[in-house]
Amino acid sequence: NGIADGKEDTDSDGLSDEAELNSHNTNPKLADSDLDGLSDGDELNTLHTDPKRADSDKDGLRDGLEVNILKTNPLEADTDKDGISDADEVLVHRTDPTKIDSDQDGLSDGEEIAINTNPSSADTDKDALSDFDELNVLGTDPLSKDTNGDGIDDGIEDSDFDGLSNSDELNIYNTKPKEADTDKDGLNDGD
């Protein structure tokens, strides 16, 4: 065949049989020695993953799934660095392992899981206020539609008595729901 013994690439993975046997300890007759969906040559020469370990970062996801489908880093157990492993994001929480804040509410997925809010929903309790705004602006409970138990949802309440609901102030008018006259013009925000 014109190729010197040992220089052949029997499995067409981009590595010579000799290199697979003597240097890499991979299978020269199998293009993907660890059966992770990536060729040994790609793992060694391009991705720098371990061709003998199906899950190089030990996060519970095969390297091929991470590279080809999820677009996560097979060398990082937590691609987006939100404190949750890629596998837990995909298999347990159903969040995006490439985004630190899957629901884009201003709280990282890790923060939301720690406080039991839903990292896939910007408004866990469905009161028209984001979890972030409830925690950081209003001081209401993102797990309760009606934090004070008065029968009025937190989003509908008017915390500063300016004639605008908390939700409208935050989501429409960009005013402060705990300050009746946000721009200090002498008129209430709702006037």
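**Figure 1. Glu179 and its salt bridge to Lys184 in the predicted model.** Glu179 is partly exposed, at a relative accessible area of 24%. Its side chain meets that of Lys184 in a salt bridge. The N to O distance is 2.5 Å. Lys184 is exposed, with a relative accessible area of 59%. This pair therefore joins a partly exposed acid to an exposed lysine.

**Figure 2. The salt bridge between Glu76 and Lys81.** Here the closest N and O atoms are 3.0 Å apart. Glu76 has 32% relative accessibility and counts as partly exposed. Lys81 reaches 54% and counts as exposed. The cut-off for exposed is over 50%, so Lys81 at 54% falls in that class. Glu76 at 32% falls in the partly exposed class.

**Figure 3. Asp153 and Lys145 side by side in a salt bridge.** The N to O distance for Asp153 and Lys145 is 3.9 Å. A salt bridge requires the nitrogen to lie within 4 Å of the carboxyl oxygen, so the pair at 3.9 Å qualifies. Asp153 is partly exposed, with a relative accessible area of 23%. Lys145 is partly exposed too, at 37%. By the salt-bridge rule, the count comes to four. Among them are Asp153 with Lys145, Glu76 with Lys81 and Glu179 with Lys184.

**Figure 4. Glu89, a buried acid without a salt bridge.** Glu89 sits in helix α4. Which side chain of opposite charge is nearest to Glu89? That side chain is Lys99, and it is 10 Å away. Glu89 is buried and has no salt bridge. Residues up to four places away in sequence are left out of its contact list. Acidic residues in that list are Asp78, Asp80, Asp82, Asp96 and Asp109. Arg94 and Lys99 are also touched by Glu89. The remaining contacts are Ile84, Thr95, Pro97 and Ser102. Lys99 thus appears both as a contact of Glu89 and as its nearest side chain of opposite charge.

**Figure 5. Helix α3 and its packing partners.** Helix α3 covers residues 63–70. Which of its residues are buried? They are Asp63, Gly64 and Glu66. The buried residues of α3 pack against α2, residues 40–47. They also pack against α4, residues 86–93. Helix α4 is where Glu89 is found. Just after α3 comes Lys71. The phi of Lys71 is positive, at about 60°.

**Figure 6. The whole chain, as context for the close-ups.** The chain has seven helices and zero strands. From the N terminus on, the elements run α-α-α-α-α-α-α. The radius of gyration is 27 Å, whereas a compact globule of 191 residues would have one near 16 Å. Along the principal axes, the C-alpha atoms fill a box of roughly 90 × 30 × 20 Å. Buried residues make up 42% of the 191 residues. Among contacts between residues at least 6 apart in sequence, 25% join residues at least 24 apart. The accessible surface comes to about 10,200 Å². Carbon and sulfur atoms account for 50% of that surface. The chain carries 15 positive and 57 negative side chains. The centres of these two sets lie 7 Å apart.

Key. Residues are numbered from 1 along each chain as its sequence is written. This is a predicted model: local features need pLDDT of at least 70, side-chain atom pairs count only at pLDDT 80 or more; totals for chains, interfaces and linings use all residues. Side-chain values use heavy atoms; hydrogens and water are left out. Buried means under 20% relative accessible area, exposed over 50%, partly exposed in between (1.4 Å probe, protein chains only). Helices (H or I, at least four residues) and strands (E, at least two) are DSSP runs, numbered from the N terminus. Contact means heavy atoms within 4.5 Å. The radius of gyration is taken over C-alpha atoms; the globule rule is 2.2 Å times the number of residues to the power 0.38. Accessible areas come from the Shrake-Rupley method with a 1.4 Å probe; for residues, only the protein chains shown count as cover. Lys and Arg count as positive and Asp and Glu as negative; His and the chain ends are not counted. The place of a charge is taken as NZ of Lys, CZ of Arg, CG of Asp or CD of Glu.
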